[in-house]
Amino acid sequence: MRTTGESLSISVPQAAKLLNISKPTAYILARREDFPSFQVGNRILVSVAGLAEWVEAQAGTRNDG
């Protein structure tokens, strides 16, 4: 694994800011099976790479229909 100084994961509130959604909505998404979140202790983190892929998949789904 390469380390580039960039975080591999972010908090749910940080993901909310990136997605331009509310924190409560981000926590709802974090509980979905298809959302790239995981728990470490009491914290819920979101995979940065997984989030980018998830957004692309959501955009692709919307554009296909």
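How do strand E1 and strand E3 (residues 43-47) pair, in the parallel or the antiparallel sense? Let's look at the model, which is a predicted one. E1 and E3 run in the antiparallel sense, and three bridges link them.

**The overall layout**

Before going further into the sheet, here's the general plan. The chain has three helices and three strands, and if you follow it along the sequence you meet them in the order β-α-α-β-β-α. There are 65 residues in the chain, and 23% of them count as buried. Take the contacts between residues at least 6 apart in sequence: 44% of these join residues at least 24 apart. As for the outside, the chain exposes about 5100 Å², with carbon and sulfur atoms supplying 51% of that area.

**The strands**

E3 has a second partner as well: strand E2 (residues 37-40) pairs with E3 in the antiparallel sense, over four bridges. One pair to find on screen is Ser37 and its bridge partner in E3, Val46. E2 and E3 form a hairpin with two residues between the strands, and in this hairpin Gly41 takes a positive phi near 65 degrees.

Now pick out Ser11, which sits in strand E1 (residues 9-11). Across from Ser11, in E3, stands Leu45. If you ignore the neighbours within four places in sequence, Ser11 touches Arg43, Ile44 and Leu45. Is Ser11 buried or exposed? Its relative accessibility is 12%, so Ser11 counts as buried.

**Two helices with a buried side**

Helix H1 (12-19) has Val12, Ala15 and Ala16 as its buried residues. These three are on the same side of H1 because they cover an arc of only 105 degrees around the axis. Lys17 and Leu18 are exposed, on the face of H1 turned away from the buried side. Just after H1 comes Asn20, with a positive phi of about 60 degrees.

Helix H2 (residues 23-30) can be read in a similar way. Its buried residues are Ala26, Leu29 and Ala30. They span an arc of only 100 degrees around the axis, so they lie on the same side of H2. Over on the other side of H2, Pro24 and Ile28 are exposed.

Why can residues a few places apart share a side? An α-helix has 3.6 residues a turn, so residues three or four places apart point the same way.

**What's in the middle**

The largest nonpolar core has 11 residues, among them Ile10, Phe35, Val46, Leu51 and Trp54. H1, H2 and helix H3 (48-64) each give at least two residues to this core. Leu29 is a core member too, and leaving out neighbours within four places in sequence, Leu29 is in contact with Leu19, Ile21, Phe35 and Trp54. In soluble globular proteins, nonpolar side chains tend to be buried together.

**One salt bridge**

How many salt bridges turn up in a search of the whole structure? The search finds one. In it, the side chains of Asp34 and Arg32 meet at 2.7 Å, N to O. The table shows how accessible the two partners are.

| Residue | Relative accessibility | Class |
|---|---|---|
| Asp34 | 41% | partly exposed |
| Arg32 | 36% | partly exposed |

Technical notes:
Residues numbered from 1 in each chain as written. Predicted model: local features only at pLDDT ≥ 70, side-chain atom pairs only at ≥ 80, totals over all residues. Heavy atoms only, no water. Buried < 20%, exposed > 50% of the residue type's maximum accessible area, 1.4 Å probe, protein only. Contact = heavy atoms within 4.5 Å. Areas by Shrake-Rupley, 256 points an atom, 1.4 Å probe, with all protein chains shown as cover. Arc of directions from axis to C-beta. Core = buried A, V, L, I, M, F, W, Y, C linked by side-chain atoms within 4.5 Å. Salt bridge = Lys/Arg side-chain N within 4 Å of Asp/Glu carboxyl O. Pairing = 2+ DSSP bridges.
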